[in-house]
Amino acid sequence: RTSIFSRSLGPGPNGYAPDTRQASPTSIVNVRMGVSKDNWDVNLFVKNLLEEHAYTSLGGGRTAWYLHKSVPELSFTAVELDPEVARLADRYFKVRPEANFAVEITDGRVYLTRTDKTFDVILIDAYRGPFVPFHLLTHEFYTLLASRLEPDGVAVLNLRAATQLFDSSIATLKRTFKTVEVYEWSGNAIVLARLLPPMTDD
């Protein structure tokens, strides 16, 4: 089981230093979104066995590398479309493949189509200019995304709330996922999508 990460926001003033309080690799119980002044962050409250994580796309590597260094036991795959971006992340920020951290150079949708892995967490943070590429907003893509999640897994999507496609994107997500939660911040929306029904306080 793995996670995929698709594009970070790139390096910022806080650098890549991970939180020294390392979490244990585990299965997701709850997900809380936290937003700081400089970047959005995903805080996972977990138990049991979270093993595989995917992030689409790498970018400067800030978020993917931070999560990898915070939970080094977690198997992480970062997917980046542009090989030059990955090369610069390696050269200037030392973000490069190592144990439990893989970098795949391809389109995020293509990667999910070709892989037979399933993931505990898939983060989609891919932009072309100010917009999410259209092929990452369709019902066909969300169905593919769901098929690559573990039954109790979660997809985390960074969407632009102030676009004409936003409401349609949320409606399309709800055709595939039983739980869709939206957290808006500064024009962006962090969306959590799960195949399981909404969690209760119990």
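This report walks through the confidence, the central strands, an aromatic cluster and a few loop residues of a predicted model.

**How far to trust it**

Let's start with confidence. The protein averages a pLDDT of 75, and 69% of the residues score at least 70. The spread is worth a look: helix H4 sits at the top with a mean of 96, while strand S2 (residues 27–35) is at the bottom with a mean of 35. Over residues 5–49 the pLDDT is below 50, yet this stretch still has 151 contacts in the model beyond near neighbours in sequence. Where pLDDT is low, the predicted coordinates should not be read in detail.

**Strand S5 and its partner**

Now to S5, which covers residues 75–80. How many residues of S5 are buried? The count is 6 of the 6, so the strand is largely enclosed by the rest of the structure. That holds on both faces: Ser 75, Thr 77 and Val 79 are buried on one side, and Phe 76, Ala 78 and Glu 80 are buried on the other.

S5 runs parallel to S6, and 5 bridges join the two. If you want a spot to check the register, Thr 77 stands opposite Ala 102 in S6. Add helix H2 and you get a right-handed β-α-β unit made of S5, H2 and S6.

**The aromatic cluster**

Search the whole structure and you find 3 aromatic pairs. One of them is Trp 65 with Phe 101: the planes are at 90 degrees and the ring centres 4.9 Å apart, so this pair is edge-to-face. It links distant parts of the chain, with Trp 65 in helix H1 (residues 62–70) and Phe 101 in strand S6 (residues 101–105), 36 residues apart.

Phe 101 also pairs with Phe 76. Here the centres are 6.0 Å apart and the planes at 25 degrees, so the pair is stacked. This one spans 25 residues, from Phe 76 in S5 to Phe 101 in S6. Put together, Trp 65, Phe 76 and Phe 101 form one aromatic cluster.

Buried or exposed, where do these rings sit? Trp 65 is buried at 8% relative accessible area, Phe 101 is buried at 2%, and Phe 76 is buried at 1%.

**Loop residues**

Two residues between H2 and S6 have backbone angles to note. Lys 94 lies in that loop, which follows H2 (83–93), and has a positive phi of about 60 degrees although it is not a glycine. Asn 100 lies in the loop between H2 and S6 too, and its phi is also positive, about 70 degrees, again without being a glycine. Why mention it? Most residues other than glycine have a negative phi.

Thr 138 is in another loop, between strand S7 (119–124) and helix H4 (139–147). Leaving out residues up to four places away in sequence, Thr 138 touches Arg 109 and Thr 172. Thr 138 and Ser 168 are 30 residues apart in sequence, with their C-alpha atoms 9.4 Å apart in space.

Here is how the three loop residues compare with the solvent cut-offs:

| Residue | Relative accessible area | Class |
|---|---|---|
| Lys 94 | 48% relative accessibility | partly exposed |
| Asn 100 | 35% relative accessible area | partly exposed |
| Thr 138 | 13% relative accessibility | buried |

Thr 138 counts as buried because its 13% falls under the 20% cut-off.

Note on methods:
Residues are numbered from 1 along each chain as its sequence is written. This is a predicted model: local features need pLDDT of at least 70, side-chain atom pairs count only at pLDDT 80 or more; totals for chains, interfaces and linings use all residues. Side-chain values use heavy atoms; hydrogens and water are left out. Rings of Phe, Tyr and Trp (its six-membered ring) pair if their centres lie within 6.5 Å; planes under 30 degrees apart count as stacked, over 60 as edge-to-face and the rest as tilted. Helices (H or I, at least four residues) and strands (E, at least two) are DSSP runs, numbered from the N terminus. Buried means under 20% relative accessible area, exposed over 50%, partly exposed in between (1.4 Å probe, protein chains only). Contact means heavy atoms within 4.5 Å. pLDDT is the predictor's confidence in each residue, from 0 to 100. Two strands pair if DSSP finds at least two bridges between them. A crossover is right-handed if, with the strands pointing away from the viewer, the path from the first strand over the helix to the second runs clockwise.
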